[in-house]
Amino acid sequence: MSKRRLEGRVAFITGAGSGIGQGIAELFAEEGAKVALVEVDEAKGRETLAQIRATGGEAELFIADVSKEVEVQRAIEETIAAFGGLHHLVNNAGIVLVKPLEDCSEAEWDAVMGVNVKSIFLTVKHGLAHLKQAEEATIVNMASISSFVGQGSTPSYVASKGAVMMLTKALALDYARYGIRVNCICPGITDTPLFRYHVSRTPDPEATLESRSARVPLARFLTPKDIAKAALYLSTDDSSGITGIAHIVDAGYLAAAEWDNRQI
């Protein structure tokens with residue numbers, strides 16, 4: 001049962017239209033937050049909006065490309081106008097490019113960095129003045145297990161997630177004086193529409209799912225709600241003494257140098 005731990009607070013969540021972002025938005029609304037759903041895909045954003053309102057939550061949808069400053073600034077301003085303040089930033093929006101570096105165009109590289117890293121710069125830049133006015137304000141950024149280890153054929157994505165983790169630490173130091181806590185979450189393999197799409201593009205999707213699952217000690221994929229619970233924890237006073245961390249939620253993935261459930 002919800003404890004309404006975010007009652008009366010305002011959360012700005014990017015990439016809220018599906019997957020992890022949708023899970024975070026729904027949980028935050030359940031916990032009493034007024035939720036600003038920030039999404040570039042209007043149709044997906046409206047699905048999340050309808051779901052939250054159908055369960056009695058309070059939310060508004062703001063359409064924005066989070067890699068563009070004018071659109072982020074407008075979304076922040078519209079959030080303040082709609083809800084009267086800002087307490088929590090959740091920088092969840094992200095994209096992945098599966099392509100070796102030598103085949104990656106400059107535009108593709110910039111797109112990944114724009115959504116995954118530059119967006120954090122922009123939301124913090126334009127949200128900071130409002131966060132300073134809020135008690136117990138927090139920023140949660142979405143990093144990855146790829147902030148720690150590499151993976152094949154995704155150099156732009158891995159570089160961006162390494163940057164997210166280090167940017168998080170730098171911001172935590174800069175804004176500690178204001179009582180603003182800044183942390184990031186590093187998810188492992190999470191069952192989202194984007195993950196399923198990439199699996200579907202492999203030669204044998206069922207075999208791919210089996211091999212991916214076998215790498216995980218808990219022998220299951222994470223769900224968006226698993227990650228949402230971590231975001232909630234880092235946004236409430238349950239984590240009041242925590243800032244500047246990379247919070248790993250990976251079902252044990254990074255604990256082993258190698259692992260195969262099929263050989264246990």
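Hi everyone. Let me start in a loop: leaving aside neighbours within four places in sequence, Thr192 is in contact with Gly19, Ile20 and Pro224. Thr192 itself lies in the loop between strand 6 and helix 6, the helix of residues 193–200. With a relative accessible area of 13%, Thr192 is buried. Before I go on, please keep in mind that this is a predicted model.

One of those partners, Pro224, takes us to helix 8, where Pro224 is among the buried residues. How many of the 12 residues in helix 8 are buried? Nine of them are, so this helix is mostly covered. Besides Pro224, the list holds Asp226, Ile227, Ala228, Ala230, Ala231, Leu232, Leu234 and Ser235. And what do these buried residues pack against? Their partners are helix 1, strand 4, strand 5 (138–142), strand 6 (181–187) and strand 7. As for geometry, helix 8 reaches 16 Å from its first C-alpha to its last, close to the 16 Å expected at 1.5 Å a residue.

Now over to helix 2, residues 42–54. Its 13 residues should span 18 Å at 1.5 Å a residue, and the end C-alpha atoms are indeed 18 Å apart, which agrees. The buried residues here are Gly45, Thr48, Leu49 and Ile52. Why do they sit on the same side of helix 2? Because they cover an arc of only 100 degrees around the axis. For the general background, an α-helix has 3.6 residues a turn, so residues three or four places apart point the same way. Glu47 and Ala54, on the other side of helix 2, are exposed. The cover over the buried residues of helix 2 includes helix 1 (19–30), strand 2 (34–39) and strand 3 (58–63).

Both ends of helix 2 have a detail for you. At the start, a side-chain oxygen of Asp41 comes to within 3.1 Å of the backbone nitrogen of Ala43. Just after the helix, Gly56 adopts a positive phi of about 90 degrees.

Next, charges. Searching the whole structure turns up 12 salt bridges, and I'll pick out three. In one of them, Arg5 pairs with Asp238, with the closest N and O atoms 3.4 Å apart. This pair links distant parts of the chain, 233 residues apart: Arg5 belongs to the segment before strand 1 (10–14), while Asp238 is in the loop between helix 8 (224–235) and strand 7 (246–249). Are Arg5 and Asp238 buried, exposed or partly exposed? Arg5 counts as partly exposed because its relative accessibility is 34%, and Asp238, at 47%, is also classed as partly exposed. There is a third member too: Arg5, Glu31 and Asp238 are linked in a network of salt bridges.

The second pair brings us back to helix 2. Arg53 forms a salt bridge with Glu60, and the closest N and O atoms are 3.2 Å apart. Glu60 has 32% relative accessibility and so counts as partly exposed; Arg53, with a relative accessible area of 44%, is partly exposed as well. In the third pair, Arg262 and Asp260 form a salt bridge whose closest N and O atoms are 3.0 Å apart. Arg262 is partly exposed, at 49% relative accessibility.

On to the cysteines. How many disulfides does a search of the whole structure find? Zero. Why is there no bond between Cys184 and Cys186? The sulfur of Cys184 is 4.3 Å from that of Cys186, its closest cysteine sulfur, and that is too far for a bond; the cut-off for a disulfide is 2.5 Å between sulfur atoms. Cys184 is buried, with a relative accessible area of 1%, and Cys186 is buried too, at 0% relative accessibility.

My last stop is Ala93, in the loop between strand 4 (88–91) and helix 4 (106–132). Is Ala93 buried or exposed? At 14% relative accessibility, Ala93 counts as buried. Not counting residues up to four places away in sequence, Ala93 touches Thr14, Gly15, Val66, Val115 and Asn116. From Ala93 to Val249 there are 156 residues in sequence, and in space their C-alpha atoms are 18 Å apart.

That's my tour. Thanks for listening!

Notes
Residues are numbered from 1 along each chain as its sequence is written. This is a predicted model: local features need pLDDT of at least 70, side-chain atom pairs count only at pLDDT 80 or more; totals for chains, interfaces and linings use all residues. Side-chain values use heavy atoms; hydrogens and water are left out. Helices (H or I, at least four residues) and strands (E, at least two) are DSSP runs, numbered from the N terminus. The expected span of a helix is 1.5 Å times one less than its number of residues. Buried means under 20% relative accessible area, exposed over 50%, partly exposed in between (1.4 Å probe, protein chains only). The arc is that of the directions from the helix axis to the C-beta atoms. Contact means heavy atoms within 4.5 Å. A polar contact is a pair of N or O atoms within 3.5 Å; within protein, one must be able to donate a hydrogen and the other to accept it, and residues adjacent in sequence count only if both atoms are side-chain atoms. A salt bridge is a side-chain nitrogen of Lys or Arg within 4 Å of a carboxyl oxygen of Asp or Glu.
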